[in-house]
Amino acid sequence: MSAVAAGAAPRAAAGPVTPRTARRLVRLLPLLAVLVLLAVPPPGGAGGGDGPGSGTLADAASGVLVLWAFGSALRTGSRPLAPLAAALFALAGVGIAVAAAGAGEVADALPGMARYLQIFVLVPVSVLLLVRDRHDFRVVAGALVALALFEGGVGVHQYLTVTGASYMGEDIRAVGTFGASDIMGMATVVAYGLVGAVGLALAPGARTPEPGAWAGRAWRPLALVCATVLLLPLALSFSRGAWIATAIACGVLLLLSGVRRALLVVVAGAALAVVLVGGAGAGTALLQERLSSITQVADAPDQSVTDRYTLWSAAVGMWRESPVRGVGLKGFPAHRDSHAPLALSSGSDTAGAGAAFHRQPLLSPHNMYLLVLSEQGLVGVCTLVAGWGALLVCAVRRLLRVLYGSGRASGRDADCGLVGTGLLVWLLVDFFYGDIGGPSTVLTAIVLGLAAWWAVGRRDGSGWGAGR
C-alpha cells in the first residue's frame, strides 16, 4: 500500500492544476500582465519616444509589477537578492542618479532618471523577486514566445494585406500592434520569442529527470516549430539590426550546446532559407535588397545608415567634451546639432499602419552604448555597461557548468540557462544598433530581469531563484 501511495505522489504533482501551480500563477500575474498588455496598441497609435504622453498600459502595469514584487518581499521578510545581484543593480542606480544630477535641465533629467531606473533597475529587480525557480522562469519564457507568435501573426497579416508601415513606397513593413512610429517594436518582440524558442529546443534532457517536468523531449519539437514560424515575421520586419542580433544570439547558443549540433543546424537552416527565399516566394526583391545592404554599409550606405553614423559621431563628440559625467540624462537632443556632421538629415519618414505621414526627429544615437557614453560619461559606462558585461560572464559560466558539469541535477536548468543567456546576448548585440525608446521598451526590462535571474539569482532547492 505504501509503495502505491508513494508512486501516486509524483503523478499527482504532475497534474495540470495544483494548489502550487495556482499560487505560482497568482504570484506571476503582474509580470504576465505586462507581457499581455504589450500587445495592446499604444494610445492614439503613438509610437516611439519617451517624451510626455508616451506612456502605455504596459508601462502602467510595470509600475504595479514593481509595487507587487517589493511588497511581497517586504511581507515575507526574506533576503531576496544575492549580494552580487544587489551590488550590480545598486551600482546602476547610483550611476543613473549621478547622471541626472549633472544634467543641464532638471525638468528633462528627472523623467529620464525615472525611465532609466524603471528599465534598468526596478523592473529587472522585480523579475528577480517574483521568479523563484526554474518553473516560474519557464512560465514567463512561454508567455514571451506566445507574445512573439501573436505579434508575428499580426505582422505577417500586415505584409500580406499591405497594411503595414511604409517601406520603399509600399505599406508592407511588419510592425505588429506597435505602429509605424515604433518600427523596431515587433521585430524586438519576435526576436526575443525566436531566441527563447531556440533555447528551449536546444536544451538537453536532465540526467535525473524531475517529476512533472514539462521541458522534456516532447516540448523540443514544439519549440523548434515556434522558432521556425517566427523566422517569417522577423524577415518581414526589414530590421537589419534584429536580424544580426538574432543570428549572433542563436549562433552562440548553438556553439554552447555543442559544435556538432551547431553544424547540423546551420546546414538545415541554410536549406530552409533557400526554400523560403527562393521556392516559397517569401523573399521578395525588397527583402533581398535589404539583406544585401548589410554588407554595403561602408561602401554605399543608404540615408538611414548615414544618419546613424553621424549620430554616433555626435555622441562621441559629446563624450569628448565631458568625458567623466557626460552631458546629462536626456541631454543628447540639446547637444546633437552642435556636434553632428552636416550629413545628418532632419529626421526619418514614418507612415502606414494606420498613421499619417510625418517626420520623426532623431533624438538619440541609436546605439545604447554611445547613448550612455554621451549622456553619462565614464560614470555610466563603469556602473551600467560594466554591469551588463558582468551579467553576461556570470550567465555563460553558469550555463557551461550546467551543460558540461557533473551532478544529479545537471541538465535540469539547461533550458533556462540557454534562454536567459541567449536573450542577454541578443540584447547586448542589439544595443550596438538601437537604444531604449517606444512602447516595447518595457520588454527590455523584463528580458534583462530574466537574464539576471539566471546569471546572478540565488540557488534554491529547485533551481536558480530569487530567495532560499
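This tour proceeds through a predicted model, naming at each stop what to select and what is found there.

**The whole chain**

Begin with the entire protein in cartoon view. The secondary structure comprises 16 helices and six strands. Of the 468 residues in the protein, 51% are buried. Among contacts with a separation of 6 or more, 79% are between residues 24 or more positions apart.

**Helix 2**

Select residues 19-37, which form helix 2. This helix has 19 residues, and the distance from its first C-alpha to its last is 26 Å, close to the 27 Å expected at 1.5 Å a residue. Centre the view on Leu29, where helix 2 bends by about 55°. A proline, Pro30, follows within four residues of the bend.

Next, display the side chains of Arg24, Arg27, Leu28, Pro30, Leu31, Leu32, Val34 and Leu35, which are buried residues of helix 2. What lies over them? The cover includes helix 3, helix 5 (106-130), helix 6 (134-161) and helix 16 (441-456).

**Asp59 in helix 3**

Move to helix 3, residues 57-76, and select Asp59 within it. Is Asp59 buried or exposed? With a relative accessible area of 15%, Asp59 falls under the 20% limit and is therefore buried. Add Arg115 to the selection: the side chains of Asp59 and Arg115 are joined by a polar contact of 3.0 Å.

**Aromatic pairs and a cluster**

A search of the whole structure finds 10 aromatic pairs. For one of them, select Tyr116 and Phe120, whose rings are tilted, 5.7 Å centre to centre with 45° between the planes. These two residues are four residues apart in helix 5, so about one helical turn separates them. Tyr116 and Phe120 are both buried.

For another pair, select Tyr369 and Phe432; this pair is also tilted, at 4.7 Å centre to centre and 50° between the planes. Where in the chain do Tyr369 and Phe432 lie? Tyr369 belongs to helix 14 (residues 368-404), and Phe432 to the loop between helix 15 (414-430) and helix 16. The pair thus links distant parts of the chain, 63 residues apart. Tyr369 is buried, with a relative accessible area of 17%, whereas Phe432 is partly exposed at 46%.

Now extend the selection to Trp388 and Phe431. Together with Tyr116, Phe120, Tyr369 and Phe432, these residues form one aromatic cluster.

**Helix 6 and the hairpin**

Select Gly153 in helix 6. Gly153 is partly exposed, with a relative accessible area of 40%. Then select Val190: the two C-alpha atoms are 9.9 Å apart in space, although Gly153 and Val190 are 37 residues apart in sequence.

Proceed to residues 165-167 (strand 1) and residues 170-173 (strand 2), which run antiparallel and are joined by three bridges. One partnership to display is that of Ala165 with Arg173 in strand 2. The two strands form a hairpin with two residues between them. In the turn, Met168 has a positive phi of about 55°.

**Helix 9**

Select residues 240-257, the 18 residues of helix 9. Its end C-alpha atoms are 26 Å apart, which agrees with the 26 Å span expected at 1.5 Å a residue. The buried residues of helix 9 include Arg240, Trp243, Thr246, Cys250, Leu253 and Ser257. Step past the end of the helix to Gly258, which follows helix 9 and has a positive phi, near 140°.

**Arg308 in helix 12**

For the final stop, select Arg308 in helix 12 (residues 303-321). Arg308 has a relative accessible area of 27% and is partly exposed. Which residues does Arg308 contact, leaving aside its neighbours within four places in sequence? They are Pro365, His366 and Tyr433.

Show Pro365 beside Arg308: 57 residues separate them in sequence, while their C-alpha atoms are 6.6 Å apart. Finally, turn to Tyr433, whose backbone oxygen lies 3.0 Å from a polar atom of the Arg308 side chain.

Methods: Residues numbered from 1 in each chain as written. Predicted model: local features only at pLDDT ≥ 70, side-chain atom pairs only at ≥ 80, totals over all residues. Heavy atoms only, no water. Buried < 20%, exposed > 50% of the residue type's maximum accessible area, 1.4 Å probe, protein only. Polar contact = N/O pair within 3.5 Å; in protein donor to acceptor, adjacent residues only side chain to side chain. Expected span 1.5 Å × (residues − 1). Bend = angle between axes of the 7 residues up to and from the residue. Contact = heavy atoms within 4.5 Å. Pairing = 2+ DSSP bridges. Phe/Tyr/Trp six-rings, centres within 6.5 Å; stacked < 30°, edge-to-face > 60°.
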